[in-house]
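Colleague: I am new to this structure. Please take me closely through a single part, one strand and what lies around that strand.

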Amino acid sequence: MAGQDATVAAVRTVLARLCKRAGLSPKRLRSTEIDVRPVLELYAVRQHAHLAGIDAAEAVPPVVREVARHLPPAHRLIADVGLALGLLRDDPPDGVDLGQLYAPDLGQRRDYLSAHWAELLRAAGGEAPAAAPTTRQLRGRLEYDAFTLLAQRLTAASGYAAVPAPQTATPIGERAGTVTVIGDAVLDTICSIDGDLPTPDSPATGTFLERPGGKGLNRAVGAARLGLRVRLIAAVGDDDRGRRILDHLRAEGVDTDLVRVVPNTTTPVAVVLVTSTGQQHTVACPDERVRLTPEDLHTPAARHALAASDAVLLTFEPPPTVIEEALDLAAREQRPRLLVQPVPSSAGPQRFYRYLGGVDYLIGTRSELAALAPVGAPDGATADAELARRLRVLGARTVCIAEGFAASVRSDDLHLDIARFPVALRDSPGAPAAFVAALAQRIVTAADHRAGPDDFLWATAAMAATQSTGEVSDAMPTIGDVDRMVDLAGDAAVVVTEAQ
């Protein structure tokens with residue numbers, strides 16, 4: 001909460017200083033001596049800039065205008081005039097001089113607002129008080145309160161769903177296939193460390209971000225970025241965090257109809273520490289009230305989604321009973337390919353063994369997959385092959401070890417090793433989500449819905465295309481990004497294939 005309060009204060013200060021002179025504009029944001037980074041780095045601004053293909057300075061005015069539209073009438077009017085947002089230009093009240101109301105000089109705007117307060121407030125849907133505020137009152141407590149509320153709404157991104165977003169690169173109606181993702185959606189608090197993890201004698205410095213995250217959300221966004229129609233089955237609280245997550249998913253083109261909003265709860269957070277080499281350390285802060293239940297998978301809408309999907313992506317974030325139910329339901333359907341990432345590791349994984357025969361692609365790092373079959377890790381050059389063999393004996397049709405921008409694949413007809421892509425980082429927080437999303441994209445667009453060597457190479461390239469030590473879902477690549485990584489790697493991406 002302290003971090004959010006500090007952000008609100010910083011945004012409020014920027015808005016209050018920007019209202020001087022001609023108000024808010026991209027030109028002012030680019031040329032002012034004011035440190036406007038708190039506004040440029042807002043989640044709502046960055047997301048709108050990404051979707052519109054514009055820079056952050058261009059994205060600020062439309063985002064601020066749309067959030068300001070949803071303020072209470074008096075606050076909306078004060079913010080509108082103070083920042084010269086122009087909210088009344090489309091439908092001005094009779095007799096109001098817009099040239100005076102949005103004059104280049106702040107003092108002139110305040111004077112006009114004070115003199116015409118009653119009719120302007122009525123036009124905004126409010127009830128005018130007996131006495132209009134003076135210019136001194138406006139520039140004092142009234143503007144402070146209005147900008148504080150505006151800063152709070154901007155920081156929480158409430159109202160951002162109403163910002164008109166341009167079409168995504170691939171219109172939803174034209175997308176290549178349908179994927180349903182089952183997992184969590186949380187708010188990640190990401191600390192990117194300038195070096196290694198701190199020790200008692202050696203503190204570290206870094207940067208701090210708050211972004212929608214969770215393994216389910218990241219995979220859903222990753223699949224949507226690659227042109228798939230995506231549904232997410234998850235749960236969030238009915239708070240600003242939950243609304244921010246839903247806005248983010250919708251802006252990315254992810255269907256949120258199956259995301260359950262749990263009344264009177266707060267959305268869970270996860271603390272993510274990322275070193276300068278891209279290695280990730282996560283501290284989950286779950287709320288047992290905001291979890292999926294088996295009943296969430298048995299609603300008519302959920303059952304239809306699973307049956308109509310070309311692929312189902314499942315993580316081990318939900319409770320074990322939900323994982324069992326998801327494995328059972330997906331395996332019963334004839335159409336979807338089932339891709340499973342057993343992360344985070346689950347205590348007593350033996351309970352899932354009877355369902356592994358329905359898993360088409362079991363994907364994880366060596367340690368994640370070894371935790372699923374804890375019978376003593378093999379040593380030496382045959383370790384990967386032995387681990388894959390054990391999991392295939394349990395029923396998994398294809399085992400993919402994806403780690404460190406490289407991959408190893410074993411199935412009845414594939415013995416495939418893809419060398420590490422030549423990238424700078426040791427790892428990337430977004431790599432696992434990018435791999436499974438890319439593999440799903442290739443599977444659902446293939447004629448026989450099966451992945452071959454080129455498809456696994458492409459999925460490995462998607463991992464390399466996520467090089468970031470900060471945002472995870474924002475780092476998910478597009479098809480063009482992955483293709484470019486394959487081209488750049490060239491012969492360095494060595495593939496060794498032997499028929500089995």
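**A close look at strand S11**

Modeller: Start with strand S11, residues 361–364. Tyr361 and Ile363 point one way from S11. Leu362 and Gly364 point the other way. All of these residues are buried. The general pattern helps here: in a regular strand, side chains alternate between the two faces of the sheet. Keep in mind that this is a predicted model.

Now look at the neighbours of S11. On one hand there is strand S10, residues 337–341. S10 and S11 run parallel, and two bridges join them. Val340 has Leu362 as its bridge partner in S11. On the other hand there is strand S12, residues 399–403. S11 and S12 also pair in the parallel sense, over three bridges. Here Gly364 has Ile401 of S12 as its bridge partner.

The chain between S10 and S11 deserves a stop. Pro344 sits in the loop between these two strands. The peptide bond from Val343 to Pro344 is cis. Its omega is near 0°.

Next comes helix H16, residues 383–393. Its buried residues are Ala383, Asp384, Leu387, Ala388 and Leu391. They cover an arc of only 125° around the axis, so they lie on the same side of H16. What covers them? The cover includes S11, helix H15 (366–372), S12 and strand S13 (406–410). So S11 and S12, the strands paired over three bridges, both belong to the cover of these buried residues. Just after H16, Gly395 takes a positive phi of about 130°.

Go back to Ile363, which points the same way from S11 as Tyr361. Ile363 is one of the residues that Phe435 touches. Phe435 also touches Cys400, Ala402, Ala407, Phe456, Ala459, Thr460 and Met463, leaving out residues up to four places away in sequence. Phe435 has a place in the largest nonpolar core, which holds 60 residues. Leu339, Phe421, Phe435, Leu439 and Phe456 touch the most other members of that core. Helix H17, residues 431–445, gives the core its largest share, eleven residues. The wider rule is simple: in soluble globular proteins, nonpolar side chains tend to be buried together.

Follow the chain past H17. His449 lies in the loop between H17 and helix H18 (453–464). His449 is not a glycine, yet its phi is positive, about 55°.

Strand S13 was part of the cover over H16. Turn to Arg410 for the charged contacts. Arg410 forms a salt bridge with Asp417. The closest N and O atoms of this pair are 3.4 Å apart. Arg410 is buried, with a relative accessible area of 9%. Asp417 is partly exposed, at 28%. Arg410 has another polar partner, His415: a polar contact of 3.1 Å joins their side chains. His415 is placed in strand S14, residues 415–418. At 18% relative accessibility, His415 counts as buried, because the cut-off for buried is under 20%.

For context, step away from S11. The structure holds 21 salt bridges. One of them joins Arg30 and Glu58, with the closest N and O atoms 3.1 Å apart. Arg30 lies in helix H2 (residues 26–31) and Glu58 in helix H5 (residues 56–69), so this pair ties together parts that are 28 residues apart in sequence. Both ends are partly exposed: Arg30 has 48% relative accessibility, and Glu58 has 34%. Another salt bridge links Asp287 and Arg289, with the closest N and O atoms 2.8 Å apart. Asp287 is buried, with a relative accessible area of 15%. Arg289 is partly exposed, at 49%.

One loop residue rounds off this wider view. Asn264 is found in the loop between strand S6 (259–262) and strand S7 (269–274). Its phi is near 55°, a positive value in a residue other than glycine. Asn264 is exposed, with a relative accessible area of 69%.

Back to the strand itself, then. S11 is joined to S10 by two bridges and to S12 by three. S11 helps to cover the buried residues of H16. Through Ile363, S11 also meets Phe435.

Technical notes: Residues are numbered from 1 along each chain as its sequence is written. This is a predicted model: local features need pLDDT of at least 70, side-chain atom pairs count only at pLDDT 80 or more; totals for chains, interfaces and linings use all residues. Side-chain values use heavy atoms; hydrogens and water are left out. Buried means under 20% relative accessible area, exposed over 50%, partly exposed in between (1.4 Å probe, protein chains only). Helices (H or I, at least four residues) and strands (E, at least two) are DSSP runs, numbered from the N terminus. Two strands pair if DSSP finds at least two bridges between them. The arc is that of the directions from the helix axis to the C-beta atoms. Contact means heavy atoms within 4.5 Å. A salt bridge is a side-chain nitrogen of Lys or Arg within 4 Å of a carboxyl oxygen of Asp or Glu. A nonpolar core is a set of buried Ala, Val, Leu, Ile, Met, Phe, Trp, Tyr and Cys residues joined through side-chain atoms within 4.5 Å. A polar contact is a pair of N or O atoms within 3.5 Å; within protein, one must be able to donate a hydrogen and the other to accept it, and residues adjacent in sequence count only if both atoms are side-chain atoms.
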